[in-house]
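Me: I would like a close look at a single part of this structure, with a careful account of its surroundings afterwards. Please take your time over the details.

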Amino acid sequence: MKTPALAAAAVLTLATAAHPASVPSPSEFLGMTVGADRTVADYRQILAYFKALDAASPRVEVEILGKTTLGEDLFLAAISSEANLANRKRLQEVARKIADPRGLTEAETDALIREGKVFLFITCNIHSTEIGASQMAMEWAYALATAQDAETKRRLDDVVLLLLPSINPDGQIMETEWYRKNLGTKYEGGRMPWLYHPYVGHDNNRDWFMLTQKETQAVSRAVYHEWLPQVWLDEHQMGSTGPRIFTPPYAEPVDPDIHPLVWRDVNLIGANMGFRLEQAGKSGVIYGYVFDAYWPGGTKNTAWWKNVSGLLTEVASARFATPVRIEPNELSGGGKGLVEYGTQTNFPNPWPGGTWRLRDIMDYERIASDAILETCAERRADFLKNALARARAAIATYGPRDAFRIPADQRDAAGAARLAALLAEHGVELMAAANGDVYVPLAQPYGRFVNELLTAQRYPETKLVPGKDIVRPYDVSAWTLPLMMGVSAERATLPAALAPWRAVPAQLATDGAAFALAPGSPETARLVNAGLRGGTARVAQATVSAGGREWPAGTVFLDGAAAKAAAAKAVPGQSWTAVTAAPAAAEPLRAPRVGLYKPWAASMDEGWTRFVLEQYGFEPKTLDNKAVRAGSLNAAFDAIVLPDVTKELIATGKPKRDEGAMKYSPELPPEYTGGLDKEGAAALKDFVEKGGTLVALSSSAEYVIDELALPVRNGAARAEGFAIAGSILRAEVASGHPVTDGLPGEVAVFQDEALAFDTVLPGSEMDRRVLASYPEAPADVLLSGWMRGPEAIARKAAAVALTYGKGKVVLLGFRAQHRAQTPGTFPFVFNALYWSTAK
Ligand SMILES: [Zn+2]
């Protein structure tokens, strides 16, 4: 594939740059028929093509946004008239002022609206199997770069299109390689046995308020710091057997705190998409279906609270680039918005079934993409006016002195500093007081966004039919950052003397014999793990005294060498205290050797767990089924972590199947199938009996309970009427155990399933300790989000630690590191790992 691309690129540099005839089509350039059956361009080819377009056309400019997790160049292509691109800096300034019109007069904003262009941000292929848009992007860019008709020129005069053919290049490459490798075999078009983002897989569209991944960070920077677009379209694909394309309007529910002009822009564009698709003879176009307007985790969703009109399209999938044939009887509705497959007002022309191929996907996407460009051009002044109105309304929502205060002096000062830095990364304006407190003024363009992330959620219980059940949440229902991060942030009034906020780097002294690091912040793990690689450390099992004061259990004492090794890892807000020596009563601390179980089911929780453990310096080693089954695990590991996967999946490699369900999942090559089986279960049991520590996250606790016959059961498993969707619950923490050292008496835990433990008195060979429990009064359980039937888990245990043979078991019945968004409960995991090396 490389040779023709390089040759074409060489030819290009010789051609006259501004001459449209010299712009190669993607198929010519790549030496393949783009969009043909079983043909896909990989990300590197796509980038090479866009670079060639940039070189050949004055209407295209490639901008590298940063490196991906695996080191690819993440790019966007700015596509507009030559004059607009030449005037890019000024147009960006206009967009910035429209997004933040504070201090501008009416005359000034009127002039900005006359001068400004609509910035239309389009992201493709965040989900790597949803391959169509990455291919369509090349064809569309080529068409826009070469068009000579007046209408296209007018659109490019009024709009600056910011097109990202893939916002997960690593996964795009993995999936195209996997597809090419399996072409012509029975695995053609089947799923990969690993995640298509190195850490987070499909959850890369769940990272947009926490910004943990490089790709999310780079795109957020481009959107909220550089370009400030008014409109954002994210192009996806959905299943194969329903409608052909979803366009907005969205389904219920809608968050009442988003400005209604967001939905008016979105609905106008969505209507034009449907209009143009129908006109082109494309059937199966639906709106008001499945995809709702509530929850800020996804790309353009987060942007709704930042006054951006965010749209989604979802086109039916083929089997990657392999056509599928759907029989008419196989067509089905998707619940919300289309219960039975058939004609409705939101679905006036159902697709009748037949063959569906990559070309179809790209054609639908191209029409929808042209339609949004058309509406943005046609409504240029309106869309800029609306963006301005949204920003003004957001600023006016709160009083000029309304604010949040993030106190500097709090239990986890590093966590508090991290929250402030995250808000700043989001483009939020922060102020700092002389004592280090951070103030977040609410009367700013992103004030509603701030309020959304810093306060508790109450899910809108929308009903579509009187007397029937409410519309259930699409994803999680809570994202209250202070609770998830274990940090305090409270409503406050802006004091008079404030300075602009800036991150204050940690300054840790390293010249000394020993340093005491108080427990409580997840961030200490970075320092402890780095310290253990350069020196020695001790940990207090109970209150100890050193340097003339008392230190609580869990305090880590680093020697001078360890402190030198650790200091570079310090984050803002962190501190330690020089002491003359580590107290003798503290026990030596050893770095745990951590194994992380990885099923072949491409578990996102496995990826997130790996990410979190790596970020905090635990250097986990991956354990697949074969490695576990081989046994003798104690030789290499102190602790083994089972991510949140079901017991069926761990045992057999297959998900539990509902009776009568006909869902067919394509096979994987045999080396990527199976589970732990009997051998693996026996190996884990042997590991624990001989002194290892098994840490089970959420669902996997049920596997461990069964296989080790623990005196614990899931007491919520058969609870009638219980329901929950990613909510934040209150849990009371039991002190006096190494796993809970440093944690406050009450923590907010993230829960998304019916899981809470009952324990019974074990025999004398075993010790079991409840580490955390849900409150006794059901009304006290929910802190943020949505749940039903809290009595099913009230008073039950949320986490349990047991001794077993010479080893230990820790069952964490909540999502202790959910999507790397819950640092407040990371210490449960980290402490469990350190506990594995304790005597
Ligand atoms: Zn998707």
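Is Ala 820 buried or exposed, and what is its relative accessible area?

Reply: In this predicted model, Ala 820 is buried, with a relative accessible area of 4%. The residue has its place in the loop between S38 and H25, and its backbone deserves attention, since Ala 820 has a positive phi of about 60° although it is not a glycine. Arg 819 lies in that loop too, between strand S38 (residues 807–812) and helix H25 (residues 826–835), and Arg 819 likewise shows a positive phi, of about 50°, without being a glycine. With a relative accessibility of 9%, Arg 819 counts as buried, because the cut-off for that class is under 20%.

Backbone details of another kind appear at two prolines. The peptide bond that leads from Pro 248 to Pro 249 is cis, its omega being near 5°, and Pro 249 is found in the loop between strand S6 (residues 245–246) and strand S7 (residues 251–254). The peptide bond from Glu 252 to Pro 253 is also cis, here with omega near -5°, and Pro 253 lies within strand S7.

Two other loop residues can be described through their side chains. Gln 410 sits in the loop between strand S13 (residues 402–406) and helix H15 (residues 413–425), where its relative accessibility of 16% places it among buried residues. The Gln 410 side chain reaches the backbone oxygen of Pro 407 at 2.8 Å, and, once neighbours within four places in sequence are left aside, Gln 410 is in contact with Ala 416, Val 487 and Ser 488. Thr 185, in turn, belongs to the loop between helix H9 (residues 169–182) and helix H10 (residues 214–227), and at 35% relative accessibility Thr 185 counts as partly exposed. A polar atom of the Thr 185 side chain lies 2.7 Å from the backbone oxygen of Asn 182.

Turning from loops to helix pairs, the axes of helix H11 (residues 260–279) and helix H14 (residues 380–396) come within 9 Å and cross at roughly 155°. Because angles over 145 degrees count as roughly antiparallel, H11 is roughly antiparallel to H14, and the crossing of these helices is left-handed. On the H11 side the contact is formed by Leu 261, Val 262, Asp 265, Leu 268 and Ile 269, which meet Phe 383, Asn 386, Ala 389 and Arg 390 of H14. Sorted by character, the residues of this contact between H11 and H14 are six nonpolar, one polar and two charged.

The axes of helix H3 (residues 43–56) and helix H7 (residues 132–146) come within 11 Å, and they cross at roughly 10°. Since angles under 35 degrees count as roughly parallel, H3 is roughly parallel to H7. From H3, the residues Ile 46, Tyr 49, Phe 50 and Leu 53 take part, and they meet Ser 134, Gln 135, Ala 137, Met 138, Ala 141, Tyr 142 and Ala 145 of H7. The residues of the contact of H3 with H7 divide into nine nonpolar and two polar, with no charged residue.

To return to the starting point, Ala 820 is a buried residue in the loop between S38 and H25, and its phi is positive although the residue is not a glycine.

How values were computed:
Residues numbered from 1 in each chain as written. Predicted model: local features only at pLDDT ≥ 70, side-chain atom pairs only at ≥ 80, totals over all residues. Heavy atoms only, no water. Axes fitted to C-alpha atoms, helices over the stretch in contact; angles between N-to-C directions. Helix = DSSP H or I, 4+ residues; strand = E, 2+ residues; numbered from the N terminus. Parallel < 35°, antiparallel > 145°, perpendicular 65-115°, else oblique. Left-handed = near helix turned anticlockwise from the far one by under 90°. Contact = heavy atoms within 4.5 Å. Nonpolar A, V, L, I, M, F, W, Y, C, P; charged D, E, K, R; others polar. Buried < 20%, exposed > 50% of the residue type's maximum accessible area, 1.4 Å probe, protein only. Polar contact = N/O pair within 3.5 Å; in protein donor to acceptor, adjacent residues only side chain to side chain.
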